[in-house]
Amino acid sequence: MFVCSCNMLTDTDVETAVKNGAVRPKEVYESKGCRAQCGNCVPGVVCLLRQMIHQGRMVVPEAAHGAAAMGAAV
């Protein structure tokens with residue numbers, strides 16, 4: 001489904017951005033090489049981001065994963 005008609009941003013685009021580490025709306029738009037235009041889509045993007053992060057669809061960056069493992073070892 002389209003989340004942003006100005007940039008033709010879909011829920012799949014948001015999911016892909018989250019899988020690549022996006023945690024903020026700006027990072028979602030940047031992943032598609034665009035930015036929010038009218039702003040009407042931002043609440044929907046935020047909602048999708050929260051859902052996907054809550055469902056564990058995001059990738060943990062290697063550095064953060066290593067730091068978490070190091071913290072557990074101490």
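# Exercises on a predicted chain

Let's start with contacts: in the protein chain, of those with a separation of 6 or more, 55% are between residues 24 or more positions apart. Keep in mind that you're looking at a predicted model.

**Exercise 1. Work out which pattern of helices and strands the protein chain follows.**

Step 1: Count the elements. You should get four helices and two strands.

Step 2: Read along the sequence and write a letter for each element. That gives β-β-α-α-α-α.

**Exercise 2. Find out how far the pLDDT supports the model, and over which residues it is below 50.**

Step 1: Take the whole chain. Its mean pLDDT is 82, and 76% of the residues reach 70 or more.

Step 2: Look for the weak stretch. Over residues 63-74 the pLDDT is below 50, and beyond near neighbours in sequence this stretch has one contact in the model.

Step 3: Decide how to treat it. Where pLDDT is low, predicted coordinates shouldn't be read in detail.

**Exercise 3. Check whether the span of helix 3 agrees or disagrees with 1.5 Å a residue.**

Step 1: Get the expected span. Helix 3 covers residues 42-54, which is 13 residues. The rule multiplies 1.5 Å by one less than the number of residues, so the helix should span 18 Å.

Step 2: Compare with the model. The end C-alpha atoms are 18 Å apart, which agrees.

**Exercise 4. Sort residues of helix 3 into buried and exposed, and say what the buried ones pack against.**

Step 1: Apply the cut-offs: buried is under 20% relative accessible area, exposed is over 50%. Val45, Leu48, Leu49 and Met52 come out buried.

Step 2: Look down the helix axis. The buried residues fall within an arc of 105°, so they line one face of helix 3. The general reason is that an α-helix has 3.6 residues a turn, so residues three or four places apart point the same way.

Step 3: Turn to the other side of helix 3, where Pro43, Arg50 and His54 are exposed.

Step 4: Name the partners. The buried residues of helix 3 pack against strand 1 (2-4), strand 2 (9-10), helix 1 (11-19) and helix 2 (25-31).

**Exercise 5. Describe the largest nonpolar core and say which helix gives the most to it.**

Step 1: Size it up. The core has 15 residues, and those with the most contacts inside it are Leu9, Val14, Val28, Tyr29 and Val45.

Step 2: See who contributes. Strand 1, helix 1, helix 2 and helix 3 each supply at least two residues, with helix 3 giving the most, four residues.

Step 3: Put it in context. In soluble globular proteins, nonpolar side chains tend to be buried together.

**Exercise 6. Zoom in on valine 14: is it buried or exposed, and which residues is it in contact with?**

Step 1: Locate valine 14 in helix 1. Its relative accessibility is 0%, so it counts as buried.

Step 2: Leave aside neighbours within four places in sequence. Valine 14 is then in contact with Leu9, Val28, Leu48, Leu49 and Met52.

Step 3: Pick one partner. Valine 28 sits 14 residues away along the chain, yet the two C-alpha atoms are separated by 6.0 Å.

**Exercise 7. Find the phi values of methionine 8 and glycine 56.**

Step 1: Go to the loop between strand 1 and strand 2, where methionine 8 lies. Its phi is near 55°, a positive value in a residue other than glycine.

Step 2: Check its exposure. A relative accessible area of 48% makes methionine 8 partly exposed.

Step 3: Move to glycine 56, which follows helix 3 and has a positive phi near 75°.

Terms used: Residues are numbered from 1 along each chain as its sequence is written. This is a predicted model: local features need pLDDT of at least 70, side-chain atom pairs count only at pLDDT 80 or more; totals for chains, interfaces and linings use all residues. Side-chain values use heavy atoms; hydrogens and water are left out. Buried means under 20% relative accessible area, exposed over 50%, partly exposed in between (1.4 Å probe, protein chains only). The arc is that of the directions from the helix axis to the C-beta atoms. Contact means heavy atoms within 4.5 Å. pLDDT is the predictor's confidence in each residue, from 0 to 100. A nonpolar core is a set of buried Ala, Val, Leu, Ile, Met, Phe, Trp, Tyr and Cys residues joined through side-chain atoms within 4.5 Å.
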